[in-house]
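Me: I should like a close look at the backbone of this model, in particular at the places where it departs from the usual pattern. Please explain each place in connected prose.

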Amino acid sequence: MNSAHELSTLIDALLTLRRDRPSKAALATLTRTSGSTFRRPGTHMLVLGDGRVVCELSGGCPQRDIVAQALEVTTSTLPRLVRYNADSGLDVLMEMGCGGELEVLIEPLATTHATDFVDALAQCLSERRCAYMATLFAVDGTVVMPQRVLWSEHVVLHDDIADPALTQSIVDAIASATNKHTIALNLPSARGAADVLVEPIDPPHALVVIGSSAAARALLPLARALGWQTTLVDHDPARLQAMHLPAGLDAVCATPGNLRSALPLDAQSSVVVMTHNLEQDIAYLGALRGAPVAYMGALGSRERVARMRSTPVLAGLHVHAPAGLDIGSETPEEIALAIAAEIMAVINHRSGGPLRDNEGAIH
(Lines give C-alpha, C1' and ligand atoms only; values in the text may rest on other atoms or scores of the structure.)
Protein backbone atom coordinates (compact mmCIF):
# COMPACT_ATOMS: atom_id res chain seq x y z
CA MET A 1 0.00 0.00 0.00
CA ASN A 2 1.06 3.61 -0.31
CA SER A 3 2.46 5.28 2.76
CA ALA A 4 0.45 8.21 4.12
CA HIS A 5 3.14 10.51 2.69
CA GLU A 6 2.81 8.92 -0.77
CA LEU A 7 -0.96 9.08 -0.51
CA SER A 8 -0.80 12.81 0.22
CA THR A 9 1.42 13.27 -2.84
CA LEU A 10 -0.98 11.22 -4.96
CA ILE A 11 -4.00 13.18 -3.74
CA ASP A 12 -2.32 16.49 -4.58
CA ALA A 13 -1.52 15.21 -8.08
CA LEU A 14 -5.08 13.99 -8.64
CA LEU A 15 -6.55 17.29 -7.47
CA THR A 16 -4.20 19.15 -9.81
CA LEU A 17 -5.18 16.83 -12.64
CA ARG A 18 -8.87 17.54 -12.08
CA ARG A 19 -8.23 21.28 -11.96
CA ASP A 20 -6.17 21.23 -15.18
CA ARG A 21 -8.56 19.19 -17.29
CA PRO A 22 -8.61 17.94 -20.06
CA SER A 23 -5.27 16.27 -19.22
CA LYS A 24 -5.12 12.53 -19.89
CA ALA A 25 -4.07 10.15 -17.13
CA ALA A 26 -4.48 6.63 -15.78
CA LEU A 27 -4.38 5.25 -12.25
CA ALA A 28 -2.58 1.94 -11.76
CA THR A 29 -3.34 -0.04 -8.60
CA LEU A 30 -1.66 -3.18 -7.36
CA THR A 31 -4.58 -5.52 -6.58
CA ARG A 32 -2.91 -8.86 -5.85
CA THR A 33 0.63 -10.14 -5.37
CA SER A 34 2.26 -13.51 -4.87
CA GLY A 35 5.79 -14.21 -3.68
CA SER A 36 8.32 -11.43 -3.24
CA THR A 37 7.37 -8.14 -4.90
CA PHE A 38 8.54 -4.54 -4.65
CA ARG A 39 5.24 -3.25 -3.26
CA ARG A 40 2.12 -4.62 -1.60
CA PRO A 41 -1.52 -4.63 -2.78
CA GLY A 42 -3.16 -1.24 -2.50
CA THR A 43 -0.18 0.67 -3.88
CA HIS A 44 -1.23 3.27 -6.46
CA MET A 45 0.66 4.96 -9.27
CA LEU A 46 -0.59 7.87 -11.35
CA VAL A 47 0.61 7.94 -14.96
CA LEU A 48 0.10 11.23 -16.79
CA GLY A 49 -0.45 11.47 -20.51
CA ASP A 50 3.04 12.85 -21.10
CA GLY A 51 4.64 9.82 -19.40
CA ARG A 52 5.35 11.44 -16.03
CA VAL A 53 4.77 9.17 -13.04
CA VAL A 54 3.61 9.95 -9.50
CA CYS A 55 4.43 7.22 -6.92
CA GLU A 56 6.12 4.28 -8.67
CA LEU A 57 4.62 0.79 -8.38
CA SER A 58 7.69 -1.37 -8.91
CA GLY A 59 11.16 -1.35 -10.38
CA GLY A 60 12.77 -2.55 -13.59
CA CYS A 61 10.86 -3.94 -16.55
CA PRO A 62 7.46 -4.40 -14.82
CA GLN A 63 7.43 -0.68 -14.04
CA ARG A 64 8.21 0.25 -17.64
CA ASP A 65 5.55 -2.11 -18.98
CA ILE A 66 2.93 -0.88 -16.50
CA VAL A 67 3.60 2.71 -17.58
CA ALA A 68 3.37 1.70 -21.25
CA GLN A 69 0.05 -0.05 -20.64
CA ALA A 70 -1.24 2.92 -18.66
CA LEU A 71 -0.40 5.26 -21.54
CA GLU A 72 -2.44 3.04 -23.85
CA VAL A 73 -5.35 3.12 -21.39
CA THR A 74 -5.29 6.95 -21.30
CA THR A 75 -6.38 6.97 -24.93
CA SER A 76 -9.38 4.70 -24.25
CA THR A 77 -12.31 4.59 -21.87
CA LEU A 78 -11.79 0.96 -20.84
CA PRO A 79 -10.01 -0.26 -17.72
CA ARG A 80 -7.48 -3.06 -17.91
CA LEU A 81 -6.40 -5.81 -15.51
CA VAL A 82 -2.83 -6.88 -16.24
CA ARG A 83 -1.12 -9.93 -14.75
CA TYR A 84 2.63 -10.40 -14.62
CA ASN A 85 3.62 -14.00 -14.01
CA ALA A 86 5.35 -16.95 -15.62
CA ASP A 87 2.54 -17.24 -18.18
CA SER A 88 2.58 -13.59 -19.26
CA GLY A 89 4.63 -12.00 -22.00
CA LEU A 90 6.76 -10.30 -19.38
CA ASP A 91 8.02 -12.98 -16.99
CA VAL A 92 8.23 -11.33 -13.58
CA LEU A 93 10.07 -14.35 -12.22
CA MET A 94 12.93 -13.43 -14.56
CA GLU A 95 12.62 -9.67 -14.85
CA MET A 96 12.14 -8.86 -11.17
CA GLY A 97 14.61 -11.46 -9.96
CA CYS A 98 12.65 -12.10 -6.76
CA GLY A 99 10.08 -14.73 -7.75
CA GLY A 100 7.07 -12.42 -7.50
CA GLU A 101 3.83 -12.15 -9.45
CA LEU A 102 1.62 -9.08 -9.81
CA GLU A 103 -1.93 -8.17 -10.79
CA VAL A 104 -2.40 -4.52 -11.69
CA LEU A 105 -5.63 -2.64 -12.30
CA ILE A 106 -5.21 0.25 -14.75
CA GLU A 107 -8.13 2.67 -15.05
CA PRO A 108 -8.48 5.68 -17.31
CA LEU A 109 -9.27 8.93 -15.55
CA ALA A 110 -11.34 10.04 -18.48
CA THR A 111 -13.96 12.14 -16.73
CA THR A 112 -14.02 14.73 -13.96
CA HIS A 113 -16.08 12.41 -11.77
CA ALA A 114 -13.46 9.66 -12.02
CA THR A 115 -11.54 11.38 -9.22
CA ASP A 116 -14.50 12.32 -6.98
CA PHE A 117 -13.29 9.87 -4.32
CA VAL A 118 -10.18 12.01 -3.82
CA ASP A 119 -12.15 14.66 -1.94
CA ALA A 120 -13.11 12.14 0.74
CA LEU A 121 -9.53 10.90 0.96
CA ALA A 122 -8.22 14.43 1.38
CA GLN A 123 -10.83 15.09 4.08
CA CYS A 124 -9.70 12.01 6.04
CA LEU A 125 -6.05 13.02 5.94
CA SER A 126 -6.70 16.65 6.86
CA GLU A 127 -8.92 15.63 9.78
CA ARG A 128 -6.53 12.79 10.79
CA ARG A 129 -9.32 10.22 10.51
CA CYS A 130 -8.71 6.53 9.89
CA ALA A 131 -10.88 5.09 7.14
CA TYR A 132 -11.27 2.31 4.59
CA MET A 133 -11.63 2.57 0.82
CA ALA A 134 -13.16 -0.30 -1.16
CA THR A 135 -12.74 -0.48 -4.94
CA LEU A 136 -15.00 -2.72 -7.02
CA PHE A 137 -12.92 -3.63 -10.08
CA ALA A 138 -14.27 -6.88 -11.57
CA VAL A 139 -17.56 -8.81 -11.76
CA ASP A 140 -17.63 -12.53 -12.57
CA GLY A 141 -13.97 -12.29 -13.52
CA THR A 142 -14.45 -9.45 -16.03
CA VAL A 143 -12.81 -6.10 -15.29
CA VAL A 144 -15.24 -3.18 -14.92
CA MET A 145 -14.80 0.56 -14.53
CA PRO A 146 -13.78 0.91 -10.88
CA GLN A 147 -16.35 2.13 -8.38
CA ARG A 148 -15.52 3.06 -4.80
CA VAL A 149 -16.99 3.43 -1.35
CA LEU A 150 -15.06 5.14 1.44
CA TRP A 151 -16.11 5.11 5.08
CA SER A 152 -14.74 6.19 8.44
CA GLU A 153 -16.08 4.31 11.45
CA HIS A 154 -19.78 4.07 10.55
CA VAL A 155 -19.98 7.15 8.34
CA VAL A 156 -19.92 6.76 4.54
CA LEU A 157 -17.92 9.63 3.04
CA HIS A 158 -18.12 8.62 -0.64
CA ASP A 159 -20.09 5.95 -2.49
CA ASP A 160 -20.43 5.35 -6.20
CA ILE A 161 -20.86 1.57 -5.89
CA ALA A 162 -24.51 2.26 -4.97
CA ASP A 163 -25.14 -1.30 -3.76
CA PRO A 164 -26.04 -1.18 -0.04
CA ALA A 165 -26.01 -4.97 0.32
CA LEU A 166 -22.54 -5.27 -1.21
CA THR A 167 -21.27 -2.34 0.86
CA GLN A 168 -22.54 -4.02 4.04
CA SER A 169 -20.84 -7.28 3.04
CA ILE A 170 -17.57 -5.39 2.56
CA VAL A 171 -17.87 -3.63 5.94
CA ASP A 172 -18.71 -6.92 7.68
CA ALA A 173 -15.75 -8.71 6.07
CA ILE A 174 -13.37 -5.98 7.21
CA ALA A 175 -14.84 -5.90 10.72
CA SER A 176 -14.04 -9.60 11.13
CA ALA A 177 -10.49 -9.33 9.75
CA THR A 178 -7.73 -9.90 12.31
CA ASN A 179 -5.13 -7.63 10.65
CA LYS A 180 -5.47 -4.12 9.27
CA HIS A 181 -4.01 -4.79 5.82
CA THR A 182 -5.15 -4.28 2.25
CA ILE A 183 -7.22 -7.27 1.19
CA ALA A 184 -8.86 -8.48 -2.04
CA LEU A 185 -12.35 -9.89 -1.50
CA ASN A 186 -14.64 -11.88 -3.76
CA LEU A 187 -18.22 -11.30 -2.63
CA PRO A 188 -21.66 -12.12 -4.04
CA SER A 189 -23.68 -9.17 -5.30
CA ALA A 190 -26.74 -8.45 -7.40
CA ARG A 191 -24.43 -8.07 -10.42
CA GLY A 192 -22.48 -11.28 -9.82
CA ALA A 193 -19.32 -12.28 -7.99
CA ALA A 194 -17.61 -8.97 -7.18
CA ASP A 195 -13.84 -8.55 -6.84
CA VAL A 196 -13.22 -5.75 -4.35
CA LEU A 197 -9.95 -4.31 -3.08
CA VAL A 198 -10.22 -2.86 0.43
CA GLU A 199 -7.47 -0.53 1.71
CA PRO A 200 -7.01 0.95 5.17
CA ILE A 201 -6.41 4.70 5.06
CA ASP A 202 -4.36 6.19 7.89
CA PRO A 203 -3.33 9.84 8.37
CA PRO A 204 0.37 10.75 8.16
CA HIS A 205 2.37 9.86 11.23
CA ALA A 206 2.86 12.80 13.57
CA LEU A 207 6.08 13.25 15.54
CA VAL A 208 6.27 15.53 18.55
CA VAL A 209 9.75 16.41 19.77
CA ILE A 210 9.97 18.01 23.21
CA GLY A 211 13.15 20.01 23.79
CA SER A 212 15.41 22.17 21.64
CA SER A 213 18.52 19.99 21.77
CA ALA A 214 20.98 19.30 18.96
CA ALA A 215 19.49 15.83 18.54
CA ALA A 216 16.03 17.41 18.26
CA ARG A 217 17.26 19.76 15.54
CA ALA A 218 18.66 16.75 13.67
CA LEU A 219 15.53 14.62 14.11
CA LEU A 220 13.03 17.19 12.82
CA PRO A 221 14.21 17.42 9.17
CA LEU A 222 14.66 13.63 9.03
CA ALA A 223 11.06 13.18 10.17
CA ARG A 224 9.90 15.68 7.55
CA ALA A 225 11.79 13.73 4.87
CA LEU A 226 9.84 10.63 5.95
CA GLY A 227 6.60 12.52 5.41
CA TRP A 228 5.74 12.80 9.11
CA GLN A 229 3.94 15.82 10.47
CA THR A 230 6.39 17.38 12.90
CA THR A 231 5.95 19.56 15.98
CA LEU A 232 8.62 21.01 18.24
CA VAL A 233 7.64 21.72 21.85
CA ASP A 234 9.57 23.86 24.33
CA HIS A 235 8.51 25.70 27.47
CA ASP A 236 10.75 28.66 26.58
CA PRO A 237 9.28 30.90 23.82
CA ALA A 238 12.59 32.70 23.32
CA ARG A 239 14.33 29.43 22.56
CA LEU A 240 11.68 28.48 20.02
CA GLN A 241 12.02 31.85 18.29
CA ALA A 242 15.80 31.54 18.15
CA MET A 243 15.73 28.18 16.35
CA HIS A 244 15.87 28.00 12.57
CA LEU A 245 12.97 25.63 12.02
CA PRO A 246 12.48 23.61 8.81
CA ALA A 247 9.62 24.60 6.55
CA GLY A 248 6.33 23.02 7.47
CA LEU A 249 7.29 22.49 11.11
CA ASP A 250 4.89 23.47 13.87
CA ALA A 251 6.25 24.98 17.08
CA VAL A 252 4.29 24.89 20.33
CA CYS A 253 5.22 26.60 23.57
CA ALA A 254 3.95 24.33 26.35
CA THR A 255 4.89 23.34 29.87
CA PRO A 256 4.20 19.87 31.26
CA GLY A 257 1.12 21.30 32.94
CA ASN A 258 -0.59 22.44 29.73
CA LEU A 259 1.00 19.99 27.29
CA ARG A 260 -2.09 17.82 26.72
CA SER A 261 -4.41 20.79 26.19
CA ALA A 262 -1.95 22.51 23.84
CA LEU A 263 -1.19 19.44 21.75
CA PRO A 264 -3.71 17.04 20.16
CA LEU A 265 -2.37 13.48 20.15
CA ASP A 266 -3.74 10.33 18.54
CA ALA A 267 -2.82 6.71 17.81
CA GLN A 268 -0.78 7.81 14.77
CA SER A 269 1.45 10.02 16.91
CA SER A 270 4.85 9.57 18.53
CA VAL A 271 6.50 11.69 21.19
CA VAL A 272 10.22 11.93 21.98
CA VAL A 273 11.32 13.84 25.07
CA MET A 274 14.85 15.26 24.89
CA THR A 275 15.13 18.42 26.99
CA HIS A 276 18.49 17.40 28.55
CA ASN A 277 16.99 18.31 31.93
CA LEU A 278 16.11 15.22 33.95
CA GLU A 279 13.36 16.85 36.02
CA GLN A 280 11.76 18.37 32.94
CA ASP A 281 11.95 15.08 31.05
CA ILE A 282 10.22 13.32 33.93
CA ALA A 283 7.55 16.01 34.14
CA TYR A 284 6.78 15.90 30.41
CA LEU A 285 6.69 12.09 30.39
CA GLY A 286 4.39 12.07 33.39
CA ALA A 287 2.08 14.50 31.61
CA LEU A 288 1.83 12.03 28.72
CA ARG A 289 0.40 9.22 30.87
CA GLY A 290 -2.73 7.93 29.17
CA ALA A 291 -2.00 9.69 25.87
CA PRO A 292 -3.09 7.48 22.92
CA VAL A 293 0.31 7.58 21.19
CA ALA A 294 2.00 4.81 19.22
CA TYR A 295 5.45 5.53 20.62
CA MET A 296 6.82 7.41 23.61
CA GLY A 297 10.59 7.77 23.94
CA ALA A 298 13.17 9.63 25.97
CA LEU A 299 16.78 10.47 25.21
CA GLY A 300 19.49 9.70 27.75
CA SER A 301 22.26 7.46 28.95
CA ARG A 302 21.41 4.17 30.65
CA GLU A 303 22.29 5.67 34.02
CA ARG A 304 20.02 8.65 33.40
CA VAL A 305 17.23 6.38 32.21
CA ALA A 306 17.59 4.25 35.35
CA ARG A 307 17.00 7.37 37.44
CA MET A 308 13.92 8.14 35.34
CA ARG A 309 12.49 4.69 35.86
CA SER A 310 13.02 4.83 39.61
CA THR A 311 10.80 7.89 40.05
CA PRO A 312 7.21 7.18 41.18
CA VAL A 313 5.87 9.68 38.63
CA LEU A 314 6.75 7.29 35.78
CA ALA A 315 5.82 4.01 37.53
CA GLY A 316 4.17 1.63 35.06
CA LEU A 317 4.59 4.02 32.11
CA HIS A 318 5.91 2.33 28.96
CA VAL A 319 8.72 4.51 27.64
CA HIS A 320 11.31 3.60 24.99
CA ALA A 321 14.38 4.76 26.86
CA PRO A 322 17.08 5.21 25.85
CA ALA A 323 15.21 6.01 22.63
CA GLY A 324 16.54 4.54 19.38
CA LEU A 325 17.93 1.33 17.93
CA ASP A 326 21.42 0.20 18.88
CA ILE A 327 23.41 1.20 15.77
CA GLY A 328 26.38 2.76 17.54
CA SER A 329 25.06 6.34 17.34
CA GLU A 330 27.18 9.18 18.74
CA THR A 331 26.52 12.37 16.77
CA PRO A 332 23.14 14.17 16.86
CA GLU A 333 22.45 13.07 13.28
CA GLU A 334 23.22 9.42 14.10
CA ILE A 335 21.06 9.57 17.22
CA ALA A 336 18.22 11.05 15.13
CA LEU A 337 18.55 8.19 12.64
CA ALA A 338 18.43 5.59 15.42
CA ILE A 339 15.32 7.16 16.96
CA ALA A 340 13.49 7.49 13.64
CA ALA A 341 14.32 3.86 12.83
CA GLU A 342 12.93 2.66 16.15
CA ILE A 343 9.73 4.64 15.67
CA MET A 344 9.28 3.13 12.21
CA ALA A 345 9.84 -0.37 13.63
CA VAL A 346 7.25 0.19 16.35
CA ILE A 347 4.54 1.66 14.11
CA ASN A 348 5.11 -1.11 11.54
CA HIS A 349 5.12 -3.81 14.24
CA ARG A 350 8.65 -4.93 13.46
CA SER A 351 11.53 -5.89 15.71
CA GLY A 352 14.04 -3.52 14.12
CA GLY A 353 16.50 -6.35 13.49
CA PRO A 354 18.34 -7.24 10.26
CA LEU A 355 16.43 -8.49 7.21
CA ARG A 356 18.53 -11.65 7.11
CA ASP A 357 18.44 -14.54 9.57
CA ASN A 358 21.40 -15.95 11.49
CA GLU A 359 22.51 -17.98 8.47
CA GLY A 360 22.54 -15.02 6.11
CA ALA A 361 19.29 -15.81 4.30
CA ILE A 362 17.01 -12.88 3.43
CA HIS A 363 13.68 -12.80 5.31
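Reply: What follows is an account of some backbone features, and of one residue in a strand, in this predicted model.

It is helpful to begin with the general pattern. Most peptide bonds are trans, and most residues other than glycine have a negative phi.

The peptide bond between Ala321 and Pro322 is cis, with an omega of about -5°. Pro322 belongs to the loop that lies between α10 (302-309) and α11 (332-347).

Two residues are described next by their phi angles. Cys55 is not a glycine, yet its phi is positive, at about 70°. This cysteine, Cys55, sits in the loop between β3 (53-54) and α2 (60-74). Buried means under 20% relative accessible area; Cys55 has a relative accessibility of 13%, and therefore counts as buried.

His276, which is likewise a residue other than glycine, has a positive phi near 65°. The loop between β14 (269-273) and α9 (278-287) is where His276 is found. A residue is exposed when its relative accessible area is over 50%; His276 reaches 59% relative accessibility, so His276 counts as exposed.

Finally, a residue in a strand may be considered. Ser152 is part of strand β7 (residues 142-152). With a relative accessibility of 2%, Ser152 counts as buried because buried means under 20%. When neighbours within four places in sequence are left aside, Ser152 is in contact with Arg129, Cys130, Ala131 and Leu157.

Notes:
Residues numbered from 1 in each chain as written. Predicted model: local features only at pLDDT ≥ 70, side-chain atom pairs only at ≥ 80, totals over all residues. Heavy atoms only, no water. Helix = DSSP H or I, 4+ residues; strand = E, 2+ residues; numbered from the N terminus. Buried < 20%, exposed > 50% of the residue type's maximum accessible area, 1.4 Å probe, protein only. Contact = heavy atoms within 4.5 Å.
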